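Good morning, colleagues. Please bring up the sequence and the model, and keep both in view while I speak.

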Amino acid sequence: PASMEIFNAPSRETCTVRRERTDTPLQALAGLDDPQFIEAARNLAQTALKQSKQEKAIDYIAEHLLDRPLKSEERRLTTSVYKDLLKHYKSAPKDAEALIAVGESKADPQLDQPTLAAYTMVANEMMNLDEVLNK
């Protein structure tokens, strides 16, 4: 698949002991725009909201993507982004509905759509960090 080539995945024609470490703008674009990544971010956000208290969802997402807690400055920035996104999705519910409809899996109808959409975008942004892509 083309997305595998973007992330420099080896072809199955030869054996590869170790994958090449790369980080390109095209990878960042794929991470932010590819429906598979959006759907993965939504599912992570959905799980975070179901398995933790809402105020701890950012910590849950960070732990699962970064394998470490957020530093205080990172938490402050991420919380600020979340609040801005939540404000946007509350004022534009159609945008929230469209975002959480991306992908084959269905969003949990019991979750508040603007909240899920905001956490989806937070998860998607975190998934695009160098620290996550180049573990």
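**Fold, core and second largest pocket**

The chain contains eight helices and zero strands. I should say at the outset that this is a predicted model. Read along the sequence, the elements give the pattern α-α-α-α-α-α-α-α. Of the 135 residues in the chain, 41% are buried. Among contacts with a separation of 6 or more, 64% join residues that are 24 or more positions apart.

Let me begin with helix 7. How far apart are the end C-alpha atoms of helix 7? They are 21 Å apart, and this agrees with expectation because 15 residues at 1.5 Å a residue should span 21 Å. As for its surroundings, 13 of the 15 residues of helix 7 are buried, so the helix is largely enclosed by the rest of the structure.

That brings me to the largest nonpolar core, which has 33 residues. As general background, nonpolar side chains in soluble globular proteins tend to be buried together. Within this core, the residues that touch the most other members are Ile61, Leu65, Tyr82, Tyr89, Leu116, Tyr119 and Met126. At least two residues each are supplied by helix 3 (35-51), helix 4 (57-66), helix 5, helix 6 (93-100) and helix 7. Which element supplies the largest share of this core? It is helix 7, with nine residues.

Two residues deserve a closer look here. Setting aside residues up to four places away in sequence, Met126 touches Ile58, Ile61, Ala62, Leu65, Leu70, Thr78 and Val132. The second residue, Val122, is found in helix 7. With a relative accessible area of 2%, Val122 falls under the 20% limit and therefore counts as buried. With the same exclusion of residues up to four places away, Val122 touches Ile58, Thr78, Val81, Tyr82 and Leu85. Ile58 and Thr78 thus appear in the contacts of Met126 and also in those of Val122. From C-alpha to C-alpha, Val122 is 8.3 Å from Ala45, although 77 residues separate the two in sequence.

I turn now to the second largest pocket. Its volume is about 200 Å³. The lining is formed by Leu66, Arg68, Leu70, Glu74, Leu77, Thr78, Val81, Val122, Glu125, Met126, Leu129 and Glu131. Two elements give two or more residues to this lining, namely helix 5 (72-91) and helix 7 (113-127). Which of the elements gives the most? Helix 5 does, with four residues. What is the make-up of the lining by class? There are seven nonpolar residues, one polar residue and four charged residues. Please note that Val122 and Met126, whose contacts I have just described, are both among the lining residues.

Helix 5 also offers an exposed position. Lys83 is found in helix 5, and its relative accessible area of 53% makes it exposed, since the cut-off is over 50%. Lys83 and Ala118 are 35 residues apart in sequence, and their C-alpha atoms are 8.0 Å apart in space.

The next position is a matter of backbone geometry. Asp67 lies in the loop between helix 4 and helix 5. What is notable about its phi angle? Asp67 is not a glycine, yet its phi is positive, at about 60°. Is Asp67 buried or exposed? At 62% relative accessibility, Asp67 counts as exposed.

Finally, I would direct you to helix 2, where two neighbouring positions in the numbering can be set side by side. Leu29 is found in helix 2, and Ala30 lies in this helix as well, within residues 25-33. Leu29 counts as exposed, at 51% relative accessibility, whereas Ala30 is buried, with a relative accessible area of 11%. Both can be related to Asn128. Leu29 and Asn128 are 99 residues apart in sequence and 8.9 Å apart in space, C-alpha to C-alpha. For Ala30 and Asn128, the separation is 98 residues in sequence and 9.1 Å between C-alpha atoms.

To close, I would ask you to retain two points about helix 7. It provides nine residues of the largest nonpolar core, the largest share, and it is one of the elements that give two or more residues to the lining of the second largest pocket. Thank you for your attention.

Technical notes:
Residues numbered from 1 in each chain as written. Predicted model: local features only at pLDDT ≥ 70, side-chain atom pairs only at ≥ 80, totals over all residues. Heavy atoms only, no water. 1 Å grid on protein atoms, 1.4 Å probe; cavity = no way out; pocket = protein on both sides within 12 Å on 5 of 7 lines; lining within 4 Å. Points joined across faces, edges and corners; volume = space filled by probe spheres on them. Nonpolar A, V, L, I, M, F, W, Y, C, P; charged D, E, K, R; others polar. Expected span 1.5 Å × (residues − 1). Buried < 20%, exposed > 50% of the residue type's maximum accessible area, 1.4 Å probe, protein only. Core = buried A, V, L, I, M, F, W, Y, C linked by side-chain atoms within 4.5 Å. Contact = heavy atoms within 4.5 Å.
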